[in-house]
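Student: I would like a close look at a single part of this model, namely the end of one helix and the stretch that comes after. Could you take me through that part slowly, residue by residue?

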Amino acid sequence: MPRLVGQRSNAGANITVLITLVAIFGIFLEYFGVIDIVPGFGREGRYFQLKIQPTNEQVNEQPNK
């Protein structure tokens, strides 16, 4: 069995990879409109619809009070 005495930890490289992956995931969410931190960045239409916009038929079908 090899001895592990005196070997350096590779934590710095692991943290760098983790931060890079989190940044890529955040840019992905921003681009597709899930989050909106940077105004005007990303696609024109939202990939995930957060709210359903009422159509003209839905508005016209409501009775007047």
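**The end of helix α1 and what follows**

Tutor: A good place to begin is the surface, where Ile27, Tyr31, Val34, Ile35, Ile37, Val38 and Phe41 make a nonpolar patch of about 630 Å². Please keep in mind throughout that this is a predicted model. As a setting for the patch, the chain has two helices and zero strands, and of its 65 residues 6% count as buried. The chain exposes about 6700 Å², and carbon and sulfur atoms supply 61% of that area.

One member of the patch, tyrosine 31, lies in helix α1, which covers residues 11-31. Its relative accessibility is 39%, and tyrosine 31 therefore counts as partly exposed, because that class lies between the limits of 20% and 50%. The helix itself can be checked against its expected length: at 1.5 Å a residue, the 21 residues of α1 should span 30 Å, and the C-alpha atoms at its ends are indeed 30 Å apart, which agrees. After α1 comes glycine 33, whose phi is positive, near 85°.

The aromatic side chains of this part deserve a careful look, and the structure holds two aromatic pairs. In one of them, the ring centres of phenylalanine 28 and phenylalanine 32 are 4.7 Å apart and the planes stand at 65°, so the pair is edge-to-face, a label that applies to planes over 60 degrees apart. Phenylalanine 28 is partly exposed, with a relative accessible area of 45%, whereas phenylalanine 32, at 18% relative accessibility, counts as buried because the limit for that class is under 20%. Phenylalanine 32 also pairs with tyrosine 31: here the ring centres are 5.1 Å apart and the planes are at 85°, so this pair is edge-to-face as well. Taken together, Phe28, Tyr31 and Phe32 form one aromatic cluster, and through tyrosine 31 this cluster shares a residue with the nonpolar patch described above.

Glutamate 30 also belongs to helix α1, and with a relative accessible area of 7% glutamate 30 is buried. The side chain of glutamate 30 reaches the backbone nitrogen of isoleucine 37 at 2.8 Å, and that side chain also reaches the backbone nitrogen of valine 38, at 3.2 Å. Isoleucine 37 and valine 38 are both among the residues that make the nonpolar patch, so that the backbone nitrogens contacted by the buried glutamate 30 belong to residues of that patch.

Further along the chain, glutamate 44 is placed in the loop between α1 and α2, the helix of residues 56-60. Glutamate 44 is exposed, with a relative accessible area of 85%, in contrast to glutamate 30, which is buried at 7%. Although glutamate 44 and tyrosine 31 are 13 residues apart along the chain, their C-alpha atoms are separated by 9.5 Å.

Conventions. Residues are numbered from 1 along each chain as its sequence is written. This is a predicted model: local features need pLDDT of at least 70, side-chain atom pairs count only at pLDDT 80 or more; totals for chains, interfaces and linings use all residues. Side-chain values use heavy atoms; hydrogens and water are left out. Helices (H or I, at least four residues) and strands (E, at least two) are DSSP runs, numbered from the N terminus. Buried means under 20% relative accessible area, exposed over 50%, partly exposed in between (1.4 Å probe, protein chains only). Accessible areas come from the Shrake-Rupley method with a 1.4 Å probe; for residues, only the protein chains shown count as cover. Patches are made of residues with over 30% relative accessible area and no salt bridge: like charges are joined within 9 Å, nonpolar side chains (Val, Leu, Ile, Met, Phe, Trp, Tyr) within 5 Å. A salt bridge is a side-chain nitrogen of Lys or Arg within 4 Å of a carboxyl oxygen of Asp or Glu. The expected span of a helix is 1.5 Å times one less than its number of residues. Rings of Phe, Tyr and Trp (its six-membered ring) pair if their centres lie within 6.5 Å; planes under 30 degrees apart count as stacked, over 60 as edge-to-face and the rest as tilted. A polar contact is a pair of N or O atoms within 3.5 Å; within protein, one must be able to donate a hydrogen and the other to accept it, and residues adjacent in sequence count only if both atoms are side-chain atoms.
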